[in-house]
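Reader: Please present the protein and explain the terms used for it as they arise.

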Amino acid sequence: MEKRESGVEAMGVQRKVRMTEEKRQTDGKKTDIKSMTLQELKEEMAAGGKKAFRAAQMYEWMHVKLARNFDEMTNLSKAFREDCKAKYAYTALRAVRVQESKLDGTRKFLFELPDGNVVESVWMKYKHGNSVCISSQVGCRMGCRFCASTLDGLERNLAPSEMLDQVYAITLLTGERVSNVVVMGIGEPLDNYDNLLVFLKMLTDENGLHISQRNVTVSTCGLVPEMRRLADEKMQITLALSLHAVTDEKRRKIMPIANRYQISELMDTCGYYFARTGRRITFEYSLAAGVNDSEEDAMGLVRLAKPLHCHINLIPVNPVKECDFSRTRLSQVKAFQNILEKNEINGTIRREMGRDIDGACGQLRRKNMSGLRDIGGNEAC
Ligand code: SAH
């Protein structure tokens with residue numbers, strides 16, 4: 001835990017440097033063209049003496065037509081495509097595992113990144129549209145005690161292109177439009193702030209897939225300075241705070257980040273986010289038996305949620321082999337929810353999608369790391 005804390009401390013200055021390098025150089029010295037905004041691409045084309053309309057053409061191929069390589073960009077000359085191949089890295093993900101739930105059609109994808117690392121993404125079909133849950137980092141350094149994604153620490157940040165590509169690959173593989181994106185997979189999105197922001201802007205850009213900002217949710221364990229920065233962007237995305245405990249003492253026991261930021265600070269920051277964006281915060285609250293599921297906990301949650309008019313997502317903890325938590329019985333989850341409702345707080349019990357496939361985030365990646373491969377899938381996207 002000491003080590004993790006100092007890791008979080010060390011983020012600051014170094015991160016900025018690393019981000020820029022990652023964004024630009026995912027493949028040796030080549031520039032990561034899919035992480036460039038349209039404006040950056042225009043500047044890049046102009047600097048290379050290319051015609052301005054090339055940037056718009058290429059942006060459309062990458063972010064609307066979802067081309068998997070330069071060769072699919074058939075209205076660009078062969079010479080130009082060869083030139084691009086020499087100069088730019090073109091991110092493409094390979095689905096190395098696909099698990100499909102027999103219960104509800106949820107699909108979990110294990111994607112291989114250009115450097116061989118793998119991340120998970122989940123596709124869920126709802127009445128109101130298709131939702132994709134994406135990863136923002138390879139691994140995580142936040143150390144939450146119940147989470148499988150953090151067990152091996154952080155490997156690296158994902159580039160904007162690698163976050164976009166999870167959405168693109170799933171669109172291609174399912175043949176269906178994605179209408180909602182939640183950044184709730186592996187990683188702490190606000191620990192990869194700069195890349196996340198580029199990703200959010202490109203995902204919702206009218207020149208790309210143009211997913212409505214209101215249909216995008218970013219979940220955080222509560223990095224206060226980055227939550228404030230995001231608020232100042234005044235985007236219309238939903239911010240979800242993983243609260244999981246209503247006292248600092250209890251929260252510190254399950255989330256090391258609570259040593260850094262107190263609940264009172266988090267609540268102020270949530271208020272700031274609402275004031276800047278007009279968007280209500282969601283609290284995520286994973287219920288673990290005997291840990292945070294008492295009546296007293298529920299009343300504590302009411303007190304925190306009320307002034308902010310928060311919506312609460314109740315998630316019965318998904319047991320992870322290496323972690324010592326078991327889930328709260330459904331009857332008790334319902335009783336917990338009743339307390340919220342009686343006090344006029346809206347609490348939804350998260351519908352468990354894909355219970356029959358490795359549910360908890362990070363489990364499929366870990367299974368793959370330990371060589372336990374189970375279901376096929378080998379499509380390049
Ligand atoms: N780093 C982000 C995204 C993490 S995953 C965050 O902390 O919000 C999304 C949600 O799932 C978080 O609320 C996380 O705390 C929760 N979660 C992770 N592992 C879980 C598990 N085994 N059971 C229940 N919820 C879990």
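**Helix packing, burial and confidence**

Author: Helix α3 passes helix α4 in a right-handed crossing. The model is predicted: local features require pLDDT of at least 70, side-chain atom pairs count only at pLDDT 80 or more, and totals for chains, interfaces and linings use all residues. Residues are numbered from 1 along each chain as its sequence is written, and side-chain values use heavy atoms, with hydrogens and water left out.

Reader: What makes a crossing right-handed?

Author: A crossing is right-handed if the near helix is turned clockwise from the far one by less than a right angle, and left-handed if anticlockwise.

Reader: Why are α3 and α4 called oblique to each other?

Author: Helix α3 (residues 38-47) and helix α4 (residues 53-63) pack at an angle of about 135°, and their axes lie 8 Å apart. Angles under 35 degrees count as roughly parallel, over 145 as roughly antiparallel, 65 to 115 as roughly perpendicular, and the rest as oblique. The pair α3 and α4 is therefore oblique.

Reader: Which residues make the contact, and how do they divide into nonpolar, polar and charged?

Author: From α3 come Leu38, Leu41, Lys42 and Met45, and from α4 come Arg54, Ala55, Ala56, Met58, Tyr59 and Met62, where contact means heavy atoms within 4.5 Å. Eight of these residues are nonpolar, none is polar and two are charged. Ala, Val, Leu, Ile, Met, Phe, Trp, Tyr, Cys and Pro count as nonpolar, Asp, Glu, Lys and Arg as charged, and the others, Gly among them, as polar.

Reader: What makes α4 mostly covered?

Author: Eight of the 11 residues of α4 are buried, that is, under 20% relative accessible area (exposed is over 50%, partly exposed in between; 1.4 Å probe, protein chains only). Among them are Gln57, Trp61 and His63. The buried residues of α4 pack against α3, α5 (78-87), α6 (160-174) and α7 (193-204).

Reader: Is Asp324 buried or exposed?

Author: Asp324 has a relative accessible area of 77% and is therefore exposed. Asp324 is placed in the loop between β13 (311-316) and α12 (330-342). In the protein, buried residues make up 56% of the 381 residues.

Reader: Where does pLDDT stay under 50?

Author: pLDDT, the predictor's confidence in each residue from 0 to 100, stays under 50 over residues 1-24 and is below 50 over residues 371-381. The protein averages a pLDDT of 89, and 85% of the residues score at least 70.

Definitions and conventions. Axes are lines fitted to C-alpha atoms, for helices over the stretch in contact, and angles run from 0 to 180 degrees between N-to-C directions. Helices (H or I, at least four residues) and strands (E, at least two) are DSSP runs, numbered from the N terminus.
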